[in-house]
Amino acid sequence: MINTVKGRIDAGAVGVTMCHEHLALDLSPVRKDTDSVFDDSVLIESEVDLMKALGVKSVIEVTCNDMGRNVRMLRQISRECGIQIIASTGFYLEAYHPESVRSGTIGEICDIFCRDILEGIDGTDIRAGIIGEVAGGEKELAPSEEKVLKAAAAAGVKTGCAVTTHCQLGQLGLEQSALLQGQGIDPDKVILGHIDLSDDRAYQKAILDTGVNIAYDTVGKTAYLSDEKRADNLMWLLEKGYEDHILLSQDISRRSYMVRYGKYDGYTTVMKRFVPLLRERGVSQETLDKMLIHNPARILDM
């Protein structure tokens, strides 16, 4: 079973799933701009409808406790658009952490995550279905980031919930994998995010060899890496047999990435642009279904 914002569903019902997205978000306290403020439900619903029209049925929404999470808005979007949304519990990068996280214990933070998963978020009956996006920096893990990652793994062990992370520019994936597994979590319940940004095939293979899953989840962000290069790197991993441990998404965290503003393809990028690139390289429908449907369903299943 999987927790969604409208209640529990059977894992087999998730369908095509984007593994790392934001639908209700506010990063303005740190970013100091309004581009990362997603409070216009009409806009978001119109963008989600475009994604749904391309076959997407579920979204793992990774906006966590200190990122402007709004689960009531998520439930409204889910109802209006007829799409399944898995909400998150977690704390993001150190710069976003409240004082209660900086000074709190691993056990106290773990209790917050467990309450969100087992009881409900922010006084609602909406339960988190994943722990994330818990985060680490590019060059090192800050003390509060390390504490949050350990608490996330502990909560995952207690609840059966998966953990999804933010690896800044795809870095420190090996360190995150080791830290999480050191708390006893099953590596198959871990998704390391943004690993595509590393543009390092050997490094990505080394992470996969620790048993965790990785997300190619910044598809369309070509200022960092071309999607053609992403597709080539992914194809190399697929040829080595890692199709059971890779997921896809586009991590829309700015309004300017949305279709409305005319420069990017928003939440449709994976299905509209990237899947065709993979098909051109010979990726079968069976393998696409693993990355888009079966892997998320297996990992999310509590």
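**One helix, one sheet and the aromatic pairs**

In this predicted model, helix H8 spans residues 201-208, and Tyr203, Gln204, Ile207 and Leu208 are buried in it.

Biologist: Within what arc do the buried residues of H8 fall, seen down its axis?

Modeller: An α-helix has 3.6 residues a turn, so residues three or four places apart point the same way. The buried residues of H8 are Tyr203, Gln204, Ile207 and Leu208. They line one face of the helix, because seen down the axis of H8 they fall within an arc of 140°.

Biologist: Which helices and strands do the buried residues of H8 pack against?

Modeller: The residues concerned include Tyr203 and Leu208, which are buried. Their partners comprise two strands and two helices: strand E11 (190-192), strand E12 (213-216), helix H7 (173-181) and helix H9 (227-239).

Biologist: Which residue caps the N-terminal end of H8?

Modeller: The contact reaches the backbone nitrogen of Ala202, from which a side-chain oxygen lies 3.3 Å away. That oxygen belongs to the capping residue, Asp200.

Biologist: Which are the edge strands of the open sheet?

Modeller: Six strands form the sheet in the order E8-E9-E10-E11-E12-E13, with parallel pairing. An edge strand here pairs on one side only, and this holds for strand E8 (88-89) and strand E13 (246-248).

Biologist: Which residue in E9 stands opposite Ser88?

Modeller: Strands of a sheet pair through backbone hydrogen bonds, either parallel or antiparallel. E8 pairs with strand E9 (residues 130-136) in the parallel sense, over two bridges. Opposite Ser88 in this pairing stands Ile130.

Biologist: What angle does the direction of helix H6 make with that of E9?

Modeller: Helix H6 (residues 143-159) packs on the sheet, where it touches E9 and strand E10 (163-167). The direction of H6 makes with that of E9 an angle of about 160°.

Biologist: At what angle does H7 run to E10?

Modeller: H7 lies across three strands, namely E9, E10 and E11. Relative to E10, H7 runs at about 150°.

Biologist: How many aromatic pairs does the structure hold, and what is the geometry of Tyr92 and Tyr96?

Modeller: The structure holds three aromatic pairs. Tyr92 and Tyr96 form one with 4.9 Å centre to centre and 55° between the planes, a geometry that is tilted.

Biologist: Is Tyr264 buried or partly exposed?

Modeller: Tyr264 forms an edge-to-face pair with Tyr257, at 5.2 Å centre to centre and 80° between the planes. Tyr257 has a relative accessible area of 14% and is buried. Because its relative accessibility is 25%, Tyr264 counts as partly exposed.

Terms used:
Residues are numbered from 1 along each chain as its sequence is written. This is a predicted model: local features need pLDDT of at least 70, side-chain atom pairs count only at pLDDT 80 or more; totals for chains, interfaces and linings use all residues. Side-chain values use heavy atoms; hydrogens and water are left out. Rings of Phe, Tyr and Trp (its six-membered ring) pair if their centres lie within 6.5 Å; planes under 30 degrees apart count as stacked, over 60 as edge-to-face and the rest as tilted. Buried means under 20% relative accessible area, exposed over 50%, partly exposed in between (1.4 Å probe, protein chains only). Helices (H or I, at least four residues) and strands (E, at least two) are DSSP runs, numbered from the N terminus. The arc is that of the directions from the helix axis to the C-beta atoms. Contact means heavy atoms within 4.5 Å. A polar contact is a pair of N or O atoms within 3.5 Å; within protein, one must be able to donate a hydrogen and the other to accept it, and residues adjacent in sequence count only if both atoms are side-chain atoms. Two strands pair if DSSP finds at least two bridges between them. Axes are lines fitted to C-alpha atoms, for helices over the stretch in contact, and angles run from 0 to 180 degrees between N-to-C directions.
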